[in-house]
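User: I am new to this structure and would like to understand the terms used to describe it. Please show it to me, and I will then ask about the grounds for each term.

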Amino acid sequence: MPSFHQVKSFVHHWLYEVDDHSIHSPFFFDLYSKTVRVKRSPLPKIESLRQSLLKNETALAVEDLGSGKAVTKKTLGSIAETSLSPADFSLFYLDLLHYCNAHRVVELGTSLGVNTLYLAQKKDARIFTFEGSHAIANVALTNFEWAEQKNIELIEGNIDSTLPRFLESTAKVDFAFIDANHRQAPTLRYFHQLTRRVTEKSVIVIDDIHRSEEMEKAWLEIRQDTLVYGSVDLFRCGLLFFDPNITKQHFVWSLK
Ligand SMILES: C[S@@+](CC[C@H](N)C(=O)[O-])C[C@H]1O[C@@H](n2cnc3c(N)ncnc32)[C@H](O)[C@@H]1O
């Protein structure tokens with residue numbers, strides 16, 4: 001059941017949502033027409049994997065990455081049902097990769113790797129995906145092998161330590177999807193760490209920006225950051241742009 005905060009955010013989103021008639025910025029008009037207002041069809045091979053995961057009753061011991069202990073047993077089916085990006089958003093992220101011609105892509109929070117497989121459809125991109133649960137990471141690796149996807153590298157461990165290490169050896173990040181620890185402090189920390197490697201053309205996506213009051217605070221602070229030159233609220237996620245040539249603007253849109 002949605003929380004009071006989520007209902008309030010949903011109503012707010014609905015009230016402030018605009019469409020192409022209200023977008024006067026050439027950059028955002030182009031982005032809207034080429035990525036948001038597009039009809040997409042889910043990829044059958046990846047969706048068949050999602051369906052088989054949804055039916056899978058195998059139980060995994062999943063660590064609580066806050067405390068570092070293996071605390072809960074979850075079935076693969078319940079993880080697939082509650083943790084994965086839906087196909088329309090995974091397809092949208094893939095379109096964004098093409099739109100910004102991303103070559104180095106970071107996904108914080110792999111889960112079972114279904115969204116990762118969508119991102120990896122941009123064949124000339126390398127996808128670095130981060131997962132802290134050993135059991136979940138193993139399932140994702142099996143899925144990548146099954147799909148024979150060679151442009152994915154899974155980095156296992158707590159992002160608090162794996163991301164800074166990864167960024168030390170990385171010159172730039174073209175696209176990042178922050179979808180792991182949905183708390184205010186880690187979201188802000190991962191965002192600031194990633195901004196040290198973004199270029200003017202990079203895009204950062206933050207998942208679940210209206211999930212809780214603390215995610216809302218993180219999103220508000222991030223979209224007002226001096227490095228951010230434009231942002232879009234798609235309710236499920238927020239998009240951030242870093243090109244100083246864009247007039248600083250914030251939009252509220254819905255995925256069509
Ligand atoms: C919402 S799921 C990711 C979903 C996936 N990105 C998608 O779009 O389908 C979040 C994942 O992040 C992992 N995670 C959460 N906190 C983490 C941390 N601090 N370090 C590494 N992984 C973490 C969880 O184990 C979980 O599998």
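User: Why is Glu47 called buried?

Analyst: Buried means under 20% relative accessible area, with exposed over 50% and partly exposed in between (1.4 Å probe, protein chains only). Glu47 has 16% relative accessibility, so Glu47 counts as buried. The model is predicted: local features need pLDDT of at least 70, side-chain atom pairs count only at pLDDT 80 or more, and totals for chains, interfaces and linings use all residues. Residues are numbered from 1 along each chain as its sequence is written, and side-chain values use heavy atoms, leaving out hydrogens and water.

User: What makes the pairing of the side chains of Glu47 and Arg50 a polar contact?

Analyst: A polar contact is a pair of N or O atoms within 3.5 Å; within protein, one must be able to donate a hydrogen and the other to accept it, and residues adjacent in sequence count only if both atoms are side-chain atoms. The two side chains make such a contact at 2.7 Å, so the distance meets the limit of 3.5 Å.

User: Which residues is Glu47 in contact with, leaving aside neighbours within four places in sequence?

Analyst: They are Pro42, Ala87 and Tyr118, where contact means heavy atoms within 4.5 Å.

User: How do you know that Ser85, Asn158 and Asp179 have side-chain N or O atoms close to ligand atoms?

Analyst: The distances are 2.5 Å from a ligand oxygen for Ser85, 3.0 Å from a ligand nitrogen for Asn158 and 2.8 Å from a ligand nitrogen for Asp179.
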